[in-house]
Amino acid sequence: MRSTLIEPVSLRIQRHARRRLLWLVATIAAFGCGVTTEDSTGIKPAARPPNILLIIADDVGVDQIGVYGEGTNPATTPNIDAIARRGVLFRNTWSNPVCSSTRATILTGRYGFRTGVGFVARVGEDLKDREHTLPEILARHPANRYGTAAFGKWHLNAGHGIEIREQVLAAPYRAGFSFFRGTYKNINRSYFGWQDIILQDRGNGQIELSGGGFNPEYNTSEIVNHTASWIHEFEKNRPDDPWFVWLAFNAAHQPFHKPPATLHTVDLSDPSITCKNPKPFRTPETLGPCYRAMIEAMDTEIGRLLNDELSKETLERTTIIFVGDNGSVKGVAPDSAKAFRQKGSTYEGGINVPLVIAGAGVEASGSQMPRERSALVNTTDLFSTVLELAGLDPKAVVPSTLRASRAELKGVKLPSVQTQTEVVVDSVSLLPQLRGGQSLGNGATRSFAYAELFRSGGPDPMWPVSKVVRDPQGFKLMQFYQYETQQWREELYNLNTDPNETTNLLNSETASDTARAYQRLHRQLNAIESTGWRPRASAAAQ
Ligand SMILES: [Ca+2]
């Protein structure tokens, strides 16, 4: 790196002490239930668990991924399409409408109202140390301790101020990763000049923080370079252990730009295509090509990682998960009426994200088409799915209570969003659906999906506070918080007959089955909230 803003600094953070304590708690709980240690782990001793490569795309909805066949002008994504064709494509996956809150659901398996992350991470509304996360649990795998690393965009935490910089930047470590390299939040300046932070676990609670200079290499490619390097190094040092890699591309979040020409096939020669940031609204004709080129560049680099960087042997031992963190960006929708129904909204354009899973532990498709699942999925479900892929029983390995205490950040007040200490996990494993041929595998599937956006502060039409629930029959109930009245306004749609959500069924005389669906969904929302919903909207109204 040409400049270094952050000198290497060693921090002493008490994550390891916490891990030991949690593992002790889990073990005691298992013995308390009268089961053997072996049963309590849910381990299949003979099988080495797979590596898990979790790829997260930023601001890429189903409309941009070719294999989904939903967009009128998708990006060119042959490598993501190929992952789907090898494995399983989930048609009805809901994330939350923005980055941080979805990422928190994956890491914890819990809805945002439990973790307090309902919007873009802000102080007090970000991932707390008290949560139990995927990398923490995998790293203490009783049979094969996973190596854990995160690359690319973090953006699960907030915080600012020189005095706390090191602690803030160490957030990926506090969340359980032993290695991190990438940006703490979004790229501010350029994909060709981005702050490159490195965290390295040195053991005994010591973490080294370095880097921080502006890396001039193309971000999308560098993230893959760093991922590949870490995997190669890990496999050399710990050849018998699996790894869990959180590969969170900054792409295709703004700043919009023209990627290196070798990484995409989009013609960006028209001088009107400026790819200029910001305000991507109402200009899909000039930003759309850049956006699609950025997605294609990401796809190209995913292909390079899988086909060139990872050995065949490694690939065979790896489960690949590709998921979007929220819908496509506003302003690139071909239909301008949808411009405000994409990222940031709880309409389908904001929360229906791509999810494809293939590789180790996933039954091969056996045809040129992916096995497609229409079952409802929440991004929370990836939590239990990953644990079960690793041979772990979530019920046995997730502690029943949150941490009683957490490391405080000096100088930052972190208000408690909720006071519950019981860990409620909102995660349904997809493992049965990764097997079982073309027919739906056995196993529990969701009777509803849920998404939300909440935040403190006043009304903002760009980010409406809302919560939504849908059922497998296609009925979707939306509630929007009205600041003036402090009441919730409702809309009801039938996604099967009205996928664009144009006809609010509550505006007219409803058929009896619609009325029943409304009552059912209403009860469902109440049931979810009764398990601990803290009405952040009331905070928002303050
Ligand atoms: Ca995002």
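Two strands count as a pair here if DSSP finds at least two bridges between them. Strands E4 and E5 (residues 179-183) clear that bar, pairing in the parallel sense over five bridges. Within this pair, glycine 152 sits opposite glycine 182 of E5. All of this comes from a predicted model.

E4 has a partner in E8 (residues 243-248) as well: six bridges join these two strands, which run parallel. Here phenylalanine 151 has leucine 247 in E8 as its bridge partner. And is E4 itself buried or exposed? Seven of the seven residues of this strand (residues 147-153) turn out to be buried, so E4 is largely enclosed by the rest of the structure.

Now for a helix. H3 spans residues 78-86, and its buried residues include Asn79, Ile80, Ile83 and Ala84. Why do these four end up on the same side of H3? They cover an arc of only 150° around the axis, which is what puts them together on that side. The general rule behind such patterns is that an α-helix has 3.6 residues a turn, so residues three or four places apart point the same way.

Zooming out, the protein as a whole contains 16 helices and 15 strands. Of its 542 residues, 50% are buried. What about contacts along the chain? Taking contacts between residues at least 6 apart in sequence, 74% join residues that are at least 24 apart.

Definitions and conventions. Residues are numbered from 1 along each chain as its sequence is written. This is a predicted model: local features need pLDDT of at least 70, side-chain atom pairs count only at pLDDT 80 or more; totals for chains, interfaces and linings use all residues. A residue is buried if 20 or more other C-beta atoms lie within 10 Å of its own, exposed if 12 or fewer, and partly exposed in between; C-beta atoms are placed from the backbone. Two residues are in contact if their C-beta atoms, placed from the backbone, lie within 7 Å. The arc is that of the directions from the helix axis to the C-beta atoms.
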